[in-house]
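Okay, thanks everyone for squeezing in. I've got one structure for you today, so let me put it up on the screen.

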Amino acid sequence: MSIAHHAYSSTAAPPIKATDVPPLPRTAEAAIAPRPRHRVRQAVSTSAVVAAFVGMAIWGHQTEWKFIDGNSSLEGSEKASTWCEEHSVPEEICIECQSQDQSPLNDFGWCSEHGVAQCPLHHPEVSQLKKPATVESADLERAQRALALLPRAENNRRCLLHRHRIQFASAEAVDKAGIDIFRVQRSPIVEAISANVEIVYDQTQLAHLASRAAGTVWKVLKQVGDKVHEGELLALVDAAEVGRTKSLFLEALAELRLQNTLLDRLRPLKENGTIAGRKFTESQAAVQAAEIKLRTARQALVNLGLPIDPKEYDGMELSDIARRIERLGLPDEIAGVDAQSLSSNLLPIRASLEGVVVERDTVPGEVITTDTRLLTVANTRRMWLMLNVRQEDISSVDLNQTVRFRPTGDGKGPEVVGPITWINTAVDAATRTVQVRAELTNTDGKLRSNTFGTGRIVLRDEPDAIVVPSESVHWDGCCNVVFVRDKDYFEPNSPKFFHVRKVRLGVEQDGLTEII
């Protein structure tokens, strides 16, 4: 429970959290909004924290905490020491009243860059360490990143609470007061924006396959879950348009051959003047018309997905060409299909990409049109993660930022990561969110389309941030403070006190709060 709470609590004092011998803060992560309980504490004055400790000490003294007094601590004299009612310790050891007997508390003033008094990044001597602290460039850079990324909760620069120290009569009094001591740690922290997400297939690697001509499904060769290669035969459709188009091609090819033969016969007659030039010109026009007709028939076959090159049939008899065109687009052998049962109307449906059949929407004998979806093939080695980001958060989102997501329902499975590749330029009118897309690799195939969950867009990832237990951070009404144990606390006959240290907070994560 926070120190500020004790200022107006009438019940017995619960444990108080304090920090012990903190290493020099380096940088920090993300700003957090004040917790709801902070709104209550705003009614407490800056001196409430100090008053809380004083009230606790008086309460403990009256209830026989047996603080060290003149009888027990000062050479066993029978006469009790004079008690400092203001600071709740014997007057002869009170560091607030007897400040001339203590080392001076240097006040380095307010740090405008980092928003705290007694800034340890600019004045490392304030750190309560046995050895002098060293500020590295990484410490300064980490703080700069944290402060530049998002607005951070600010302290009141006119507050002078940091000039005070919280003293106890003895180490035993600290223990009996229920004050817990935690050592400041370094820990990785991640500052991120949370958003609802859905995994979907990569739309550039998803093919909905349909027939290019109306007809009847003749055979389906693949099932859902079958892996396919690009160009592999998946199904056959019996379409009368295919047979008609093949016939038109054969007719056009035969017509062109005939007109070319006639033109070749007229050429020497025209040269020796046996025939008029007009007749030869008409023959040339007939050849050109036959060529146009052949190109039209060829294009019709291409439009059906049956590419063909007339030059491949040069020198072949028309009967042989007809037999080959009957099986145009079909492999020499089809598993489970008798070659004698094949007709010239069959239109092959082939995979347009490598992947897995994820949907099959047809059966043999079904009458279909060009709008009928037959099969769906998806390349699942890469998936899309679609995030719905709140409008107020989108200004912090940018391309190539990392997104982290755990696809399992309990949130305990392995985390997948991927970069942001697209940010929508419009806000959804209904949800007031902005859609963002990230790409995820799925080589093991464990990601499933239509999986929902919560993803995190990483704004800052600090592997070596300064953190303290969140319970150690207190709001006194105008500032965030922690209590830092003096470096000489365990020295014989040294006063037992804590420094009041104002802090700039970053991310709260897993019960720990980052100190910028």
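I'll go through confidence, then a helix pair, then a sheet.

So, first thing: this is a predicted model. Across the protein the pLDDT averages 83, and 83% of the residues score at least 70. Now, which stretches fall below 50? Residues 1-16 do, and in the model that stretch has 37 contacts beyond near neighbours in sequence. Residues 57-79 are also below 50, with 39 contacts of that kind. Where pLDDT is low, you shouldn't read the predicted coordinates in detail. Please keep that in mind if you're tempted by those contacts.

On to the helices. Have a look at α7, residues 240-271, and α9, residues 318-326. Their axes come within 11 Å of each other, and they cross at roughly 155°. Anything over 145 counts as roughly antiparallel, so that's what we call α7 and α9. And which hand does the crossing have? For α7 and α9 it's right-handed.

Who's actually touching whom? On the α7 side you've got K246, F249, L250, L253, A254 and R257. Coming from α9, there's L318, I321, A322, I325 and E326. If you sort that contact by class, you get 8 nonpolar residues, 3 charged ones and no polar ones. K246 and R257 of α7 and E326 of α9 are the charged ones, if you want to find them on screen.

Okay, last part: the sheet. It's an open one with 4 strands, and the order goes β9-β16-β14-β11, with antiparallel pairing. Which strands sit at the edges? That would be β9, at 206-210, and β11, at 227-228, and each of them pairs on one side only.

Let's walk in from the β11 edge. β11 is joined to β14, residues 355-360, by 2 bridges, and the two run antiparallel. To find the spot, look for V228, whose bridge partner in β14 is G355. Next along, β14 is joined to β16, residues 373-378, by 4 bridges, again antiparallel. Here R360 is a handy marker: its bridge partner in β16 is L375.

That's my tour, so over to you for questions.

Technical notes: Residues are numbered from 1 along each chain as its sequence is written. This is a predicted model: local features need pLDDT of at least 70, side-chain atom pairs count only at pLDDT 80 or more; totals for chains, interfaces and linings use all residues. Side-chain values use heavy atoms; hydrogens and water are left out. Axes are lines fitted to C-alpha atoms, for helices over the stretch in contact, and angles run from 0 to 180 degrees between N-to-C directions. Angles under 35 degrees count as roughly parallel, over 145 as roughly antiparallel, 65 to 115 as roughly perpendicular and the rest as oblique. A crossing is left-handed if the near helix is turned anticlockwise from the far one by less than a right angle, and right-handed if clockwise. Contact means heavy atoms within 4.5 Å. Two strands pair if DSSP finds at least two bridges between them. pLDDT is the predictor's confidence in each residue, from 0 to 100.
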